[in-house]
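Biologist: Could you take me through one part of this model slowly, as you would for someone in their first year? I'd like a close look at a single helix and then at what surrounds it.

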Amino acid sequence: MILLILIYSHLLKVVDYQFDDVGFKGNKNLNIALITDLHACYYGDNQKWLVDILKQKQPDVILLGGDIYDDKRPFDNADSLLSQLPAIAPTYYVDGNHENWLPQQQYNQVIKAITEHGVSVIHGKSIAIPNTNVIVHGISDPDGGHFDKDLTAITANLNKDNINILLSHRPERIDTYREYDFDVILSGHAHGGQWRVPFIINGVFAPNQGFLPKYAGGLYEFDDERGKSKFIVSRGLARESTRVPRIFNRPELVFITLTQS
C-alpha cells in the first residue's frame, strides 16, 4: 500500500484554471503554461512527458517560475526541456533560490544557457503579450539580492488598463505583491507542502512558510480593501530531487486560460 501511494504521489498531473473575470481583452483566449520547481528532474527521455503535454495544450505563452535548475543536480534535464520550449511558445523565465545557491560562475553559465535556448530572462522587466491587454512582469528571487530593485522597476510600469500578471518564485511574499495592482500572481517554491492529507491538510511543510503553510499550492482569491487578485501557487515538478518524498501531492503542470467576460 505504501509503495502504491508513493507511485501515485509522483505521477504527473495537469491542472487547468480559467479566468473570465479579470478584464481580459484579445482576439482569442490566452492560454498560459506555468512551469516551476523542475529542479532538473527527469520526465522521460528528452523530457518527453512534459513536452508532449505542452504540444498538446498549445499554450500561447510559457512562464518559468524558478528552480528549473538545481544547485545539487546535473543540468541536463533542465537544458533538455528549455531547449524545446521556445519552439512551442514564447518562453519567459525568472530564477529561484536554488539557482541562486549556485556559485556565481555557475549561475552565470545557467543564465547564459537559458538565453541561448531562446528563453527570455525577465528579471525587473515587463513584457507585453501581443494582441492582448496582458503584461507579464518578472521578479528575480530574493536570494539573488535584486528583488527590491526588480519590484521597483516593474511596478513603475503598472497600468490599470492592462491585465498585470506577476511571475515571482516566492509565495510567502504575497503581502508585498498585494501592495500593488497585480491582477494575477504566479509562483511556486512551496512544493505543495510536500505531504498532503486530501480534503483536510493542503500541505504539511513548505520552505519559508514552515508547518501547515498558508500558501502550499492551488488557487487563492483576494477581494478586499486592498484590491482584487488571483494567486496561483504551483505544486511544481520536483520529484527525485527532494529528500522527503511527495505524499498525495502530485507534481503538476499548470495552465491558465484568460477569456473575455
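Modeller: Let's start with what helix α3 leans on: its buried residues pack against α2 (48-57), β3 (61-65) and α5 (104-116). Keep in mind that this is a predicted model. The buried residues in question are Asn77, Ala78, Ser80, Leu81 and Leu82. Let's zoom in on one of them, Ser80, which sits in α3 (residues 76-84). Is Ser80 buried or exposed? Its relative accessible area is 14%, and the cut-off for buried is under 20%, so Ser80 counts as buried. Leaving aside residues up to four places away in sequence, Ser80 touches Asn46 and Gln47.

Now for α2, one of the elements that α3 packs against. There's a loop on the way into α2 from β2 (30-35), and His39 is in that loop. Have a look at the backbone of His39: its phi is near 50°, a positive value in a residue that isn't glycine. That's worth a pause, because most residues other than glycine have a negative phi. His39 has a relative accessibility of 2%, so it counts as buried. On the way out of α2, the loop to β3 holds Gln58. Gln58 also isn't a glycine, and it has a positive phi of about 50°. What about its surroundings: is Gln58 buried or exposed? Its relative accessibility is 61%, so Gln58 counts as exposed.

Next, the sheet that goes with these pieces. Both β2 and β3 belong to an open sheet of six strands, in the order β1-β14-β2-β3-β4-β5, and the pairing is mixed. Which strands stand at the edges? They are β1 (13-19) and β5 (120-121); each has a single partner strand, so one side of each has no neighbour in the sheet. The partnership of β1 with β14 (residues 252-258) is parallel and runs over seven bridges. To find it on your screen, try Tyr17, whose bridge partner in β14 is Ile256. Our helix α2 packs on this sheet, where it touches β1, β2 and β14, and its direction makes about 15° with that of β14.

There's a second open sheet to compare on your screen. Its six strands come in the order β6-β7-β8-β9-β13-β12, again with mixed pairing. Its edge strands, β6 (126-128) and β12 (218-224), each pair on one side only. On average, neighbouring strands here are turned by 20° against each other, ignoring direction. Inside this sheet, β8 (residues 163-167) and β9 (residues 184-187) pair in the parallel sense over three bridges. A handy pair to click on is Leu166 and its bridge partner in β9, Ile185.

Follow the chain out of β7 (134-138) and you come to a loop leading to α6 (147-155), which is where His146 lies. His146 has a relative accessibility of 45%, so it counts as partly exposed. His146 and His123 are 23 residues apart along the chain, with 8.6 Å between their C-alpha atoms.

Last stop: empty space. The largest pocket holds about 650 Å³. It is lined by 23 residues, and those closest to its centre are His98, His191, Gln194, Thr242 and Arg243. What is the lining made of? It divides into seven nonpolar residues, 10 polar ones and six charged ones.

How values were computed. Residues numbered from 1 in each chain as written. Predicted model: local features only at pLDDT ≥ 70, side-chain atom pairs only at ≥ 80, totals over all residues. Heavy atoms only, no water. Helix = DSSP H or I, 4+ residues; strand = E, 2+ residues; numbered from the N terminus. Buried < 20%, exposed > 50% of the residue type's maximum accessible area, 1.4 Å probe, protein only. Contact = heavy atoms within 4.5 Å. Pairing = 2+ DSSP bridges. Axes fitted to C-alpha atoms, helices over the stretch in contact; angles between N-to-C directions. 1 Å grid on protein atoms, 1.4 Å probe; cavity = no way out; pocket = protein on both sides within 12 Å on 5 of 7 lines; lining within 4 Å. Points joined across faces, edges and corners; volume = space filled by probe spheres on them. Nonpolar A, V, L, I, M, F, W, Y, C, P; charged D, E, K, R; others polar.
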